[in-house]
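Please open the structure in your viewer and keep the selection tool at hand. The tour below goes from stop to stop, saying at each one what to select and what is found there.

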Amino acid sequence: MSEPSSSDCLFCRIVAGSIPAEVVAESEHSLAFRDVNPQAPTHVLVVPRRHVADAGELAAASADDLADVVRLASRVAELEGLARGHRLVLNTGSGAGQTVFHAHVHVLGGRDLGWPPG
Ligand code: 5GP
Ligand code: ZN
């Protein structure tokens, strides 16, 4: 459910600064930092500062916060020079590979990504 933050949550702890991360951009409601296990030359995670489990919960909690995450993802693509294109990925649920249950958007780019994904 939607909680302001959770000390048990990895991304809440990154947002709070108690676990280090390489921050690349931020806004009032969102934080963008590099994925520790990059799958492309640019692999950045954009998370809402509020704790919600996934993108659907974020949309239900605050359309403004959802828009803020997507806006910051676009800014990351610009800052990282991804003019040729980039991919936003929102894994939702363990069956789709979600491992951290704090909503996040993967921003991937810097190589040919191909479609459909493998
Ligand atoms: P998911 O699989 O839930 O969609 O994405 C979680 C992402 O978080 C993974 O790509 C994983 O590499 C990344 N990740 C896991 N632990 C850490 C960490 O401690 N720091 C950072 N920066 N990324 C992490
Ligand atoms: Zn959290």
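What follows is a walk through a predicted model, beginning with the ligand and moving on to the protein around it.

**First stop: the ligand**

Select ligand 1, which sits in the largest pocket, and then show the residues that surround it. There are 16 residues around ligand 1, and those that come nearest are Asp35, Gly97, Thr99, His104 and His106. If you now colour by secondary structure, you can see that H1 and S2 each supply at least two residues of the shell around the ligand, and that H1 gives the most, with three residues.

Next, look at the polar atoms of the ligand one at a time. A nitrogen atom of ligand 1 is placed 2.9 Å from a polar backbone atom of Arg34, while an oxygen atom of the ligand is 2.7 Å from a polar backbone atom of Thr99. With His104, it is a polar side-chain atom that lies 2.8 Å from an oxygen atom of ligand 1. Taken on its own, ligand 1 has 520 Å² of accessible area, of which the protein covers 81%.

**Second stop: a pair of rings**

Which two residues form an aromatic pair? Select Phe11 and Phe33, whose rings are arranged edge-to-face, with 5.5 Å from centre to centre and 75° between the planes. The structure holds one aromatic pair, and in following the chain from either ring you will find Phe11 in helix H1 (residues 10–16) and Phe33 in strand S2 (residues 30–34), so the pair ties together parts that are 22 residues apart in sequence.

Are these two rings buried or exposed? Buried means under 20% relative accessible area; Phe11, at 5% relative accessibility, therefore counts as buried, and Phe33, at 2%, counts as buried too.

**Third stop: Asp68 and its contacts**

Move to helix H3 (residues 63–79), where Asp68 lies, and display its side chain. Asp68 has a relative accessibility of 9% and so counts as buried. Its side chain is joined to the side chain of Ser27 by a polar contact of 2.5 Å, and the side chain of Asp68 also makes a polar contact with the side chain of Ser30, at 2.5 Å.

Now select Ser27 itself, which is found in the loop between strand S1 (23–26) and S2. With a relative accessible area of 16%, Ser27 is buried.

**Fourth stop: Phe101**

Where along the chain is Phe101? Its place is in the loop between strand S4 (86–89) and S5, and its relative accessibility of 41% means that Phe101 counts as partly exposed. From here, draw a line between the C-alpha atoms of Phe101 and Gly114: these residues are 13 apart in sequence and 27 Å apart in space.

**Last stop: a cis peptide bond**

To finish, select Trp115 and Pro116, and show the backbone between them. Most peptide bonds are trans. The bond that joins Trp115 and Pro116, however, is a cis peptide bond, with omega at about 0°. Pro116 is found in the segment after strand S5 (105–109), and this is where the tour ends.

Terms used: Residues numbered from 1 in each chain as written. Chains lettered and ligands numbered in written order. Predicted model: local features only at pLDDT ≥ 70, side-chain atom pairs only at ≥ 80, totals over all residues. Heavy atoms only, no water. Phe/Tyr/Trp six-rings, centres within 6.5 Å; stacked < 30°, edge-to-face > 60°. Helix = DSSP H or I, 4+ residues; strand = E, 2+ residues; numbered from the N terminus. Buried < 20%, exposed > 50% of the residue type's maximum accessible area, 1.4 Å probe, protein only. Near = heavy atom within 4 Å. Polar contact = N/O pair within 3.5 Å; in protein donor to acceptor, adjacent residues only side chain to side chain. Areas by Shrake-Rupley, 256 points an atom, 1.4 Å probe, with all protein chains shown as cover. 1 Å grid on protein atoms, 1.4 Å probe; cavity = no way out; pocket = protein on both sides within 12 Å on 5 of 7 lines; lining within 4 Å. Sits in = over half its atoms within 2 Å of the grid points.
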